[in-house]
Amino acid sequence: MLEKETFKQILNYVLVIGLFVLAFFVIKPIISAIIYGILMAYIFHTPYRWTRSKLKNQTLSALLVCVGVLLLTFVIIILVLGSLLNQGINFYLSMQKINVGEAVAKAFPKFLSGSEISSTLVNAINNSLSKLIADFIASIGDFIFNLPNLVLHFLIMSFVFFFGLRDGEKALDYFKSLSPLKKETQNKFYKHFEDITKSVLIGQIVVGIIQGIVAGIGYFIFGVPNALLLTIITIVIGVIPLIGPWLVWIPVDVYLFVIGKEGAGLGLLLYGLFLINWVEVVMRPIIVSRRTELNEAIVLIGMMGGIYFFGVLGLIIGPLVLAYVLLVLELYRKHHLGELEETILFKKAE
């Protein structure tokens with residue numbers, strides 16, 4: 001009889017685990033859209049609460065905020081895609097006309113322009129440009145081919161965004177009710193959870209601002225027209241996840257080549273590749289680790305792994321996931337202690 005009961009328990013566990021595994025495979029193809037929707041619901045929860053306080057209707061308030069944000073996002077996407085397509089075509093045509101050797105000769109002093117360093121640089125740039133053009137053409141084809149899938153993901157994200165706004169507080173209360181933790185420990189967990197999320201999002205804003213300023217310095221150095229206005233635009237674009245300063249400085253660089261300023265164009269290209277782009281890699285782990293009290297290595301690993309799994313937004317989601325896992329492990333390690341103590345993975349707050 002005991003063996004029969006044990007067998008039933010094991011069978012129940014297997015069925016439950018199998019059900020969760022099956023559920024994972026069901027949502028795996030759309031998990032990125034679900035995460036984006038949840039993240040957007042979290043970001044725009046404050047405007048939703050304000051709207052709800054005025055309208056006294058949860059569904060209508062969530063609908064208004066959701067539609068407003070999605071319409072704004074749609075307009076930005078249309079403008080961005082139009083700009084990208086236009087700049088991409090100009091970029092492709094410009095690359096066909098550029099004499100890299102002449103551009104290098106203008107950009108470098110005379111004693112370097114005819115040296116072996118110059119020829120090596122010309123070959124490297126030629127190879128890079130050829131690969132860049134091929135990748136650009138391939139990306140257009142991939143985008144058109146994947147357009148139905150992108151539309152589906154956008155719709156799923158929209159639904160999750162709406163229900164996350166309207167029912168997010170109920171969902172949070174439900175998950176709290178499932179927690180085996182004491183109420184005091186549970187409150188500390190969710191407080192730390194919220195602090196980590198805010199810190200990573202604030203890190204995105206700070207890094208975007210720094211990248212925009214660094215790009216603006218480059219605009220002034222290489223004599224880009226309307227450098228101040230372009231700097232402001234780059235800062236605004238830089239704080240938006242999935243986009244980034246490249247959307248501004250690359251078209252600006254193409255413009256320099258088109259108007260015949262090959263030296264400035266080459267200089268801004270190298271400046272962007274080796275300085276603007278690397279600001280994010282260097283600064284984000286430092287900023288996020290200071291605010292979350294996580295080791296920089298953990299943040300960097302989260303960023304790199306997040307990119308592979310979630311794409312560009314993984315720069316935000318990756319560190320979040322690792323921070324949450326470490327927080328859960330810390331709670332498990334401390335078990336019923338009232339306060340979380342520092343571990344080797346967490347740095348002492350300054």
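## The whole chain

Of the 350 residues in this chain, 34% count as buried. Keep in mind that you are looking at a predicted model. What does its secondary structure come to? The chain has 14 helices and zero strands, so its pattern along the sequence is simply α-α-α-α-α-α-α-α-α-α-α-α-α-α.

The chain exposes about 21,400 Å², and carbon and sulfur atoms supply 72% of that area. Now for the contacts inside the chain. If you take those with a separation of 6 or more, residues 24 or more positions apart account for 65% of them.

## Where α3 meets α8

Let's pick one pair of helices. Two packed helices are described by the angle between their axes and the distance between the axes. Helix α3 covers residues 45–55 and helix α8 covers residues 147–178. They pack at an angle of about 90°, and their axes are 10 Å apart. How are α3 and α8 oriented to each other? Angles from 65 to 115 degrees count as roughly perpendicular, and α3 and α8 are therefore roughly perpendicular to each other.

Which residues make the contact? On the α3 side you'll find H45, Y48, R49 and R52, and on the α8 side L165, R166 and E169. Sorted by kind, the residues of this contact divide into two nonpolar, one polar and four charged.

## The two sides of α3

Stay with α3 for a moment and ask which of its residues are buried. They include H45, Y48 and T51. Look down the axis of α3 and its buried residues fall within an arc of 120°, so they line one face of the helix. Turn to the face directed away from that buried side, and you meet the exposed residues W50 and K54.

H45 is a good residue to click on. It lies in helix α3. Is H45 buried or exposed? The relative accessible area of H45 is 18%, and buried means under 20%, so H45 counts as buried. Leaving aside neighbours within four places in sequence, H45 is in contact with L165 and E169. Both of these residues also appear on the α8 side of the helix contact.

## Two residues with a positive phi

Here's something to look for in the backbone. Most residues other than glycine have a negative phi. K56, which follows α3, has a positive phi of about 60° although it is not a glycine. Where is K56? Its place is in the loop between α3 and α4, with α4 covering 58–97. K56 is exposed, because its relative accessible area is 70% and the cut-off for exposed is over 50%.

N226 is another residue other than glycine with a positive phi, this one near 55°. You'll find N226 in the loop between α9 and α10. N226 is exposed, with a relative accessible area of 58%.

## Around α9 and its loop

The loop between α9 (183–221) and α10 (227–238) is also the place of F222. At 22% relative accessibility, F222 counts as partly exposed. Which residues does F222 touch, not counting those up to four places away in sequence? They are A264, G267, L268 and Y271. F222 and G263 are 41 residues apart along the chain, yet their C-alpha atoms are separated by 8.7 Å.

Inside helix α9 itself, have a look at V206. V206 counts as partly exposed, at 30% relative accessibility. How far apart are the C-alpha atoms of V206 and V288? They are separated by 9.7 Å, with the two positions 82 residues apart along the chain.

## A long way in sequence: I35

Last stop: I35, in helix α2, which runs over residues 31–43. I35 and V160 are 125 residues apart in sequence, but 8.6 Å apart in space, C-alpha to C-alpha. What does I35 contact once its neighbours within four places in sequence are left aside? The answer is F310 and I317.

How values were computed
Residues numbered from 1 in each chain as written. Predicted model: local features only at pLDDT ≥ 70, side-chain atom pairs only at ≥ 80, totals over all residues. Heavy atoms only, no water. Helix = DSSP H or I, 4+ residues; strand = E, 2+ residues; numbered from the N terminus. Contact = heavy atoms within 4.5 Å. Axes fitted to C-alpha atoms, helices over the stretch in contact; angles between N-to-C directions. Parallel < 35°, antiparallel > 145°, perpendicular 65-115°, else oblique. Nonpolar A, V, L, I, M, F, W, Y, C, P; charged D, E, K, R; others polar. Buried < 20%, exposed > 50% of the residue type's maximum accessible area, 1.4 Å probe, protein only. Arc of directions from axis to C-beta. Areas by Shrake-Rupley, 256 points an atom, 1.4 Å probe, with all protein chains shown as cover.
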